[in-house]
Structures are given as C-alpha cells and as structure tokens.
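Open the model in your viewer and switch to the ribbon view. This tour gives you selections to make, one after another.

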Amino acid sequence: AKSWILTKLFDGVPKDSDFKLEVEELPEPKDGEVLLESVYLSVDPYMRAFCSFRMKEGDRMIGTQVSKVIQSKNPAFPVGIHVLSNFGWRTHAVSDGTGLTPIMPDWPQDVSLSLALGAIGMPGLTALYGIEEVLGLQEGETLLVNAAAGAVGLVVGQIAKIKGCKVVGSTGSDAKVAYLKELGFDEAFNYKTVASLDEALRKASPDGYDCLFENVGGYFSTVALQHMKNFGRIAVCGSISVYNDSTPQTGPYPHLTMIFKQLKMEGFMQGRWQHKHPESLKRLMAWFKEGKLQCREHITKGFEKMPAAFIGMLQGENIGKAIIAV
Ligand code: NDP
C-alpha cells in the first residue's frame with residue numbers, strides 16, 4: 001500500500017516537499033475485516049485548514065475516498081462493492097467496517113462513483129444545506145456566491161437557479177466565468193482582473209444581495225457585506241482566502257455594517273444535518289438525472305500526483321470538484 005505522509009506542517013502555500021510517499025506491507029484481513037482499494041480520492045480545502053491544528057509532522061494526510069472491497073472476511077461488505085471510506089491519502093487499507101458508508105442505494109450504473117465525493121456527496125450536501133437550512137433562500141431573491149466555479153460553488157449556483165433566484169458568481173479566471181454563464185448564472189466576474197471588486201459587485205446587482213454564500217472570506221467578505229440589502233443573510237461556509245495565512249488576519253470588523261443593515265450571519269458545517277443526508281443525496285441525484293444539475297469534475301490521474309492536485313486545487317486550477325483517479 002502507498003500513502004502520502006505530511007513531512008512538514010504547511011507554512012503558507014503547501015509545497016511538494018511537504019509530502020513524502022511511503023510504501024507499507026498490509027496484513028491479511030482477519031475475521032470481520034476487509035481489504036479496501038481506493039478508486040477515487042478527494043482533495044479538499046479543509047485539508048489545508050485543519051493541518052495546523054489537527055495534524056503533526058509524520059502523520060498520514062487525512063481524507064476520504066471511494067474504495068472497492070477487494071478481499072472480505074466481513075459479510076456486511078462483500079468483495080466487489082464500493083464504499084465511502086475515510087482512511088486518508090492511501091491506496092489500500094484494512095478495515096473492520098467501522099466508519100465505512102455504503103454508496104447511496106440505487107446509485108445508477110451509468111453515473112460515475114466519483115460524484116459521491118463531489119456534487120452528489122459532501123460538497124453537494126454543503127451547498128444544499130447552506131441554501132435551505134442556513135439561508136432559507138426564497139424564489140426571486142438575489143444570491144451572491146464566491147469560489148463559484150468550485151465543488152461547492154457550482155452546486156450552490158445551480159440550486160439557486162432551480163429555486164428561481166438571480167445568481168451572481170465570483171471566480172478566478174475568464175474560462176471559469178464563461179462556464180458559469182453557460183450554466184445559467186445571471187452574472188459572473190473574475191475577481192482577479194476586475195478593476196474594483198466594489199464596482200463589480202454593484203454592477204452585477206445594483207439593488208444589492210439578499211443572500212451571500214461565503215466560501216472565501218477576508219477582503220472579499222469585507223467588500224461584499226457593503227452590498228447586502230437590509231436584513232440580508234450570510235451563510236459562512238468557508239474562508240479559503242485565509243487558509244494559507246501564517247498569522248491570523250485582524251479586522252476590519254464588520255459589526256457596524258451588520259448593525260446598520262441588520263444582517264444575519266451564520267457559520268455552519270454540513271455534518272450538522274447528517275440525519276438528512278440520505279434524502280438530500282436522492283434530491284441531488286434526481287436533479288442530476290433531470291439535467292438540472294451539471295456535475296463537472298477536475299480529474300487528475302495517478303495517486304502519485306495527489307500533492308500536485310491538492311496544491312493545484314488551492315490555487316484554483318479546478319473547475320468543479322477536484323478528484324484523483326487512481
Ligand atoms: P473548490 O473546489 O471551490 O476549490 C477551491 C477554490 O477556491 C479554488 O478553485 C479557487 O478558485 C478558490 N480560491 C483559492 N484561493 C482563493 C483566494 N485567495 N480567494 C478567492 N478564491 C480562492 O473547493 P470546495 O468547493 O471544496 O470548497 C469551497 C469552500 O467551501 C472552502 O472555503 C471550503 O473550506 C468550504 N467548505 C465548507 C464546508 C462546510 O461544511 N462548512 C464543506 C466543504 C467545503 P478561484 O479560481 O475562483 O480562485
């Protein structure tokens with residue numbers, strides 16, 4: 001089995017030299033155990049955000065995958081089935097079944113299992129809960145989403161369109177802007193090349209925004225709050241613009257804007273609604289099958305390329321969910 005080990009805690013943007021590939025012999029599965037083989041692995045922003053306080057040098061990189069049971073001494077997980085597992089950046093692992101989640105029942109044969117890590121998995125659920133549980137987005141409202149061409153952002157924008165809203169997306173390249181327009185986003189702009197973020201937000205929605213789905217934080221957030229309508233709602237999902245900062249940012253603090261506009265801001269983690277996952281995954285799958293939800297992926301082939309795929313995702317190389325196909 002191969003694994004990727006964190007040799008050095010990230011300092012700023014992660015580097016190739018922070019990772020080491022290790023090879024280990026795995027024991028034969030005992031009674032009650034299975035041998036799993038990774039088929040698709042996920043690289044996600046939380047791996048950067050968590051590194052500083054959940055990991056130490058020498059630890060295996062954390063992460064989830066779609067894996068296949070290739071040997072089994074556990075009748076609950078027969079050879080050949082696929083499961084969602086959480087054994088980090090590894091090609092193989094032996095498991096007693098704890099923490100393994102079967103892929104959604106009735107997963108259609110013609111749909112790639114990689115989507116279980118993306119739009120019909122954790123990022124898709126994050127988008128759905130942010131919109132329905134946190135924002136309570138209503139038909140006719142205007143929603144702003146940043147990191148809009150990423151795994152979560154693309155689903156956010158498309159669900160908001162399904163709900164009959166005006167959607168504005170901010171993203172980091174002209175190709176991504178073009179893709180968002182193709183998907184039906186009403187307005188999209190490249191935050192890296194606009195002369196003024198303030199002006200771009202005003203132009204995209206002169207009346208302001210009812211809702212902000214916040215993935216980026218930092219400077220973007222400070223400017224965007226000024227464009228919220230009175231009583232606007234903000235779902236704080238992520239803050240990717242600060243994950244690579246070595247020292248935490250201080251201020252400016254948004255309290256005055258929040259008071260005068262009477263805004264409501266709520267941070268959330270998708271796991272809060274775990275009891276709703278089965279039903280929510282069915283809804284996401286139904287939208288996909290009806291052609292209302294496009295599930296674009298950015299697939300990197302080869303386990304050896306995991307660090308490069310991770311670093312590339314943090315730097316915006318991906319349109320849609322960043323996935324590694326082993
Ligand atoms: P993405 O697929 O969106 O990939 C990350 C994207 O972030 C990049 O493609 C890049 O796109 C953008 N980005 C990187 N650096 C910056 C920056 N400095 N400023 C603005 N944009 C930047 O990742 P996910 O969809 O998986 O995650 C999106 C957000 O959602 C993250 O903040 C993540 O932490 C959060 N999240 C939260 C969850 C929760 O339960 N609360 C669950 C899952 C994700 P671009 O070209 O646009 O710059």
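Two helix pairs follow.

This is a predicted model, where local features need pLDDT of at least 70, side-chain atom pairs count only at pLDDT 80 or more, and totals for chains, interfaces and linings use all residues. Residues are numbered from 1 along each chain as its sequence is written, and side-chain values use heavy atoms, without hydrogens and water.

**Stop one: H2 and H3**

Select residues 122-135, helix H2, and residues 151-162, helix H3. Helices here are DSSP runs (H or I, at least four residues), numbered from the N terminus. The axes of H2 and H3 lie 8 Å apart, at an angle of about 45°. Axes are lines fitted to C-alpha atoms over the stretch in contact, and angles run from 0 to 180 degrees between N-to-C directions. H2 and H3 are therefore oblique to each other (under 35 degrees is roughly parallel, over 145 roughly antiparallel, 65 to 115 roughly perpendicular, the rest oblique).

Now show the side of H2 that touches H3: Pro123, Gly124, Thr126, Ala127, Leu128 and Ile131. From H3, add Ala151, Val152, Val155, Val156, Ile159 and Ala160. Contact means heavy atoms within 4.5 Å. Which classes meet between H2 and H3? Ten residues are nonpolar, two are polar and none is charged.

**Stop two: H5 and H6**

Select residues 197-204, helix H5, and residues 218-225, helix H6. Their axes come within 10 Å and cross at roughly 50°. H5 and H6 are therefore oblique to each other.

Show Leu197, Asp198 and Leu201 of H5. Add Tyr219, Phe220, Val223 and Ala224 of H6. This contact of H5 with H6 has six nonpolar residues, no polar ones and one charged.

Conventions: Helices (H or I, at least four residues) and strands (E, at least two) are DSSP runs, numbered from the N terminus. Ala, Val, Leu, Ile, Met, Phe, Trp, Tyr, Cys and Pro count as nonpolar, Asp, Glu, Lys and Arg as charged, and the others, Gly among them, as polar.
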